[in-house]
Amino acid sequence: MTENQPSMAGATRTQSRQLMDGWWKDLTDADAAGRPVANVFVMGSIAEILRVFDLPMSFPEVAALQTAVRGRSMDFLLAAEDYGYSPDICGYVKVDAGLHITGRNHPQGKLPKPAIVVATNMCNTYIKWAEIWERMYECPVFVLDLPGWRGSGFEYGLDGATFESDRRYVEGQLRELITVCEEVTGLEFDIDKLREIMLEVNRMSGLYQEIIALNENRPAPFNAVTEGINYMGIANAFRGSPEGNLFMETALAELRERVALGQGAIAEEKFRLMLVGTACYSNFRDFNRLFEQWGGSFVASEYMSYAGGGIDRGIQYDVSRPLESLAEQILVTAQPSMSGIFHSHDWLAQQFERFSVDGICFHGVKSCRTTSTGLPDTREWLFKNMDIPGLFIQSDLVDSRLWAEAQLKNRVDAFFESLESRRALAGR
Amino acid sequence: MADEELGDIFEECRALAEDHDFPAARRWLEENPGGKVIGHFQVYFPEEIIHAAGALPIKVSGGSSGLQIRSADARIAAFVCSILRSSLEMKMAGHLDFLSMFVTHPICDAARHCGGVWARNFDDISSQILYYPHNPTSAYALQYLTDEYRRMVSAVEEITGTKVTDEALAASIEVFNENRRLLRDLYRIKRETPWLVTTVEAYSLTRAAGLMPREDHNDLMRRALPLIVARDAKPQDRVRVVFEGGFCEQPAFDMLAVIQDACYIVDDDLMIGLRWITEDVVAGDDPLTALAKAYVESSSYSPVQRDERKPKETMFLERVRGANAEAAIVGAAKMCEPGLEEQVGYSRALDDEGIPHLIMEFEEKMTGFEQVRMEVETFAESLLFEFA
Ligand code: SF4
Ligand code: SF4
């Protein structure tokens with residue numbers, strides 16, 4: 001590398017494309033060979049256990065998102081609406097239902113039939129979604145029920161008795177899931193394999209945390225929305241695998257290089273932003289342009305936290321007691337990820353400080369009541385109580401009919417103008 | 001004379017349901033100075049726990065078209081059902097200023113935000129969340145739910161300052177067992193002799209249960225049921241339908257009135273939480289576990305509760321057949337993710353069984369019903385013609 005010349009540029013993207021192509025090839029091959037596949041969700045996939053049984057994991061949310069980024073989601077949304085699904089339900093569910101109704105031909109490969117579905121309640125819609133496949137394919141559906149936060153203060157930390165009750169419930173369910181997996185695959189559970197996978201997850205969690213932390217730098221080296229989604233996708237699809245960790249190492253190296261070179265995610269970082277909610281994937285470029293044209297860089301994204309089912313919170317499995325530790329870590333990491341969506345104000349205030357954020361964009365999407373319902377209230381609370389400026393806009397994840405560019409642009413422009421005035425006032 | 005008495009009862013109940021100021025709860029507080037009222041959101045809550053602490057449980061289940069939403073819209077995203085907004089509005093506007101505690105349940109993605117929104121906005125009350133098992137067939141679910149109930153007991157004890165003893169809980173279970181028995185009787189009358197009680201009447205009577213002391217409701221039911229049975233009404237040539245979709249947000253009274261003009265609604269899931277437990281709970285030595293067990297083992301169904309032993313289409317078809325209905329109206333509240341998703345499953349199952357049905361969306365705040373009238377009348381006429 002010559003001085004100031006990046007040697008890693010593009011390495012992450014190349015590797016991520018290779019991994020995702022390989023992932024789709026595995027799913028397509030498994031479908032062709034009639035091998036069992038597990039349908040799982042990004043929040044709480046329990047890859048740790050499914051990998052022990054060599055079950056390829058199909059993530060319908062990732063698949064739906066990919067159709068949107070490729071401009072194909074409307075085909076499947078309309079197929080599902082023709083079938084009877086309402087325009088007012090989650091678009092991911094509809095894209096997936098549309099794919100299944102029309103022969104499972106995804107632009108990137110064959111979407112397999114599930115042999116087993118594992119759904120957590122981190123989003124309640126996961127359960128309704130799982131029931132759609134249950135009807136279509138009569139496959140077993142295992143709901144891993146995760147208790148959430150209690151009390152009205154929402155400071156994380158359960159009292160001893162509640163934690164113990166939750167731990168017992170989660171561990172018991174994990175043991176029951178193992179039995180179902182044995183039945184579906186005909187394989188015996190191998191606890192040593194679980195240990196190896198858990199060690200990989202420990203490593204991945206650490207690497208993922210390091211990646212996120214790099215955006216504390218100014219300028220922030222990566223766009224937490226456009227690039228963050230990539231890190232998240234791999235963290236889900238390759239959780240617990242050496243390839244996944246190799247990817248994280250590459251990403252980390254590339255980002256460290258950017259930091260060393262003073263290279264930011266966008267040409268000139270004028271405003272540091274945080275996204276709460278998800279982006280609009282059917283109009284992904286347009287969405288980002290609205291912010292980038294003001295020099296707004298997404299240095300943090302709540303999505304990079306909850307969509308990993310706790311991976312950002314520093315998973316530390318104790319492999320000398322694998323199942324017990326798996327249950328405990330789920331409670332220590334996945335539970336705050338889940339409940340944090342509903343009671344996010346304290347966490348957001350911390351992230352605001354940590355990443356030196358200038359303003360938060362709260363993007364409510366019609367598809368997702370899980371992430372969107374309380375956003376206006378959270379925005380209001382943060383502004384009133386902590387003087388944190390926030391913008392609330394609405395569109396969708398995958399449904400381009402809900403993208404009203406002119407209206408959105410007005411709101412976004414007005415927000416940046418207010419951030420500029422704030423800055424001017426503060427500089428006086 | 002009897003008709004007049006019955007008419008008064010129905011009127012009183014409907015007025016109670018449509019009054020956003022919860023007059024019966026306020027009356028109770030006047031009569032019980034220092035008493036505590038605890039609100040809980042849809043669908044089901046083990047009200048016995050609150051009752052056993054000497055407090056009054058009331059159901060917070062949204063408002064009617066008369067409620068002006070002034071502040072709640074600014075707190076909740078646009079594409080969310082009405083019941084969440086109106087329930088929040090009632091608290092923001094002071095209609096629920098007498099509550100000491102509010103409990104929500106993570107029944108759906110939208111309702112899960114209630115805990116946070118209420119906690120952020122109201123520091124005068126405790127906003128609690130009660131978790132039910134989404135995996136009730138797990139061997140560990142019963143213990144988990146019992147622990148949750150125990151936690152709820154502590155929260156209620158803290159608010160009321162009264163210890164919930166096993167004896168008190170067993171006595172409360174008896175009160176609620178009786179109430180559920182009486183409601184089952186009312187529904188039996190609806191199924192067997194729907195000409196004796198209209199849907200609006202039966203619904204008013206049912207809904208009042210969650211709005212007044214349950215002993216008073218038991219008295220009301222004990223008076224009303226014999227009067228209903230003694231009514232001198234003749235069966236008419238109407239289509240017998242089941243109405244499904246009222247498990248959480250409630251359709252307006254006037255919408256039910258429009259449907260009943262054309263059909264007999266012989267069964268429904270309106271305010272199903274009040275009838276959630278389907279058999280008497282035997283308190284035994286451990287009444288709290290008995291309550292939890294009833295939830296897991298002897299309960300109804302709804303789109304927001306998963307239980308693989310009770311596939312929802314199977315349960316729904318049983319309801320249709322059990323009521324000897326010829327057809328169904330499959331409703332869903334606007335913007336209700338689980339309700340709208342279930343609608344597709346129900347509709348397909350009815351298609352498979354060749355049972356005619358009408359799909360409809362509603363909102364608690366609806367005021368114009370001409371479209372509904374037209375749809376229901378056309379549907380009912382087509383059926384009468386078909387069955388003629
Ligand atoms: S509601 Fe939101 S979290 Fe749930 S499946 Fe849809 S997009 Fe995902
Ligand atoms: S009406 Fe539907 S979406 Fe609204 S709170 Fe009830 S279950 Fe949730």
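A salt bridge is counted here when a side-chain nitrogen of Lys or Arg sits within 4 Å of a carboxyl oxygen of Asp or Glu. By that count, the whole structure, which is a predicted model, comes out with 72 salt bridges over all chains. Side chains of opposite charge can pair when their charged atoms come close. What follows takes the two chains in turn, then their interface, the ligands and a few backbone oddities.

Start with chain A. Its secondary structure comes to 17 helices and 10 strands. Taken along the principal axes, the C-alpha atoms of chain A fill a box of roughly 70 × 55 × 50 Å. The radius of gyration of chain A is 21 Å, which agrees with the value near 22 Å that a compact globule of 428 residues would have.

Chain B, for its part, has 14 helices and eight strands. With 388 residues, chain B is as compact as a globular protein of that length, because its radius of gyration of 20 Å is close to the 21 Å that the globule rule gives. The C-alpha trace of chain B spans about 65 × 50 × 45 Å along its principal axes.

Now for how the chains meet. Chain A puts 62 residues into the contact, and chain B puts in 53 residues. Between them the two chains bury about 4800 Å², with 51% of that on carbon and sulfur atoms. Across this interface there are 39 residue pairs in polar contact, counting pairs with both residues at pLDDT 80 or more. On the chain A side that touches chain B, at least two residues each come from H6, strand E6 (141-144), helix H7 (160-185), helix H13 (322-342), strand E9 (359-365), helix H15 (369-372), helix H16 (375-386) and strand E10 (390-395). H7(A) gives the most to that side, with eight residues. Sorted by class, the side of chain A that touches chain B has 22 nonpolar, 25 polar and 15 charged residues.

As for charge pairing, 10 salt bridges run between chain A and chain B. Arg306(B) turns up in a salt bridge with Glu131(A), at 3.2 Å from N to O. Arg306(B) also meets Glu134(A) in a salt bridge, at 2.9 Å from N to O. This pair crosses between chains, going from the loop between helix H11 (287-297) and helix H12 (312-322) of chain B, where Arg306(B) sits, to helix H6 of chain A, which holds Glu134(A).

That same helix shows up again at ligand 1: H6 (residues 124-137) of chain A gives the most to the shell around ligand 1, with three residues. The full set around ligand 1 is Met43(A), Glu61(A), Cys90(A), Tyr92(A), Cys123(A), Thr125(A), Tyr126(A), Trp129(A), Ser367(A), Cys368(A) and Leu397(A). By class, that makes eight nonpolar, two polar and one charged residues in the shell.

Ligand 2 has its surroundings in chain B, namely Phe41(B), Cys81(B), Ile83(B), Leu84(B), Ile107(B), Cys108(B), Phe247(B), Cys248(B), Glu249(B), Val304(B), Cys336(B) and Pro338(B). The shell around ligand 2 divides into 11 nonpolar residues, no polar ones and one charged.

Last come the backbone details. Most residues other than glycine have a negative phi, and most peptide bonds are trans. In chain A, a cis peptide bond joins Arg218(A) and Pro219(A), with omega at about -5°. Pro219(A) lies in the loop between helix H8 (191-214) and helix H9 (228-237) of chain A. In chain B, the peptide bond from Gln42(B) to Val43(B) is cis too, with omega near 5°. Val43(B) belongs to the loop between strand E1 (37-41) and helix H3 (48-52) of chain B. Ile46(A), a residue other than glycine, has a positive phi, near 55°. The place of Ile46(A) is the loop between strand E1 (38-39) and helix H2 (47-52) of chain A.

Conventions:
Residues are numbered from 1 along each chain as its sequence is written. Chains are lettered from A and ligands numbered from 1 in the order in which they are written. Side-chain values use heavy atoms; hydrogens and water are left out. A residue is near a molecule or strand if one of its heavy atoms lies within 4 Å of it. Helices (H or I, at least four residues) and strands (E, at least two) are DSSP runs, numbered from the N terminus. Ala, Val, Leu, Ile, Met, Phe, Trp, Tyr, Cys and Pro count as nonpolar, Asp, Glu, Lys and Arg as charged, and the others, Gly among them, as polar. Contact means heavy atoms within 4.5 Å. Buried area is the accessible area (1.4 Å probe) that two parts lose on being put together, summed over both. A polar contact is a pair of N or O atoms within 3.5 Å; within protein, one must be able to donate a hydrogen and the other to accept it, and residues adjacent in sequence count only if both atoms are side-chain atoms. The radius of gyration is taken over C-alpha atoms; the globule rule is 2.2 Å times the number of residues to the power 0.38.
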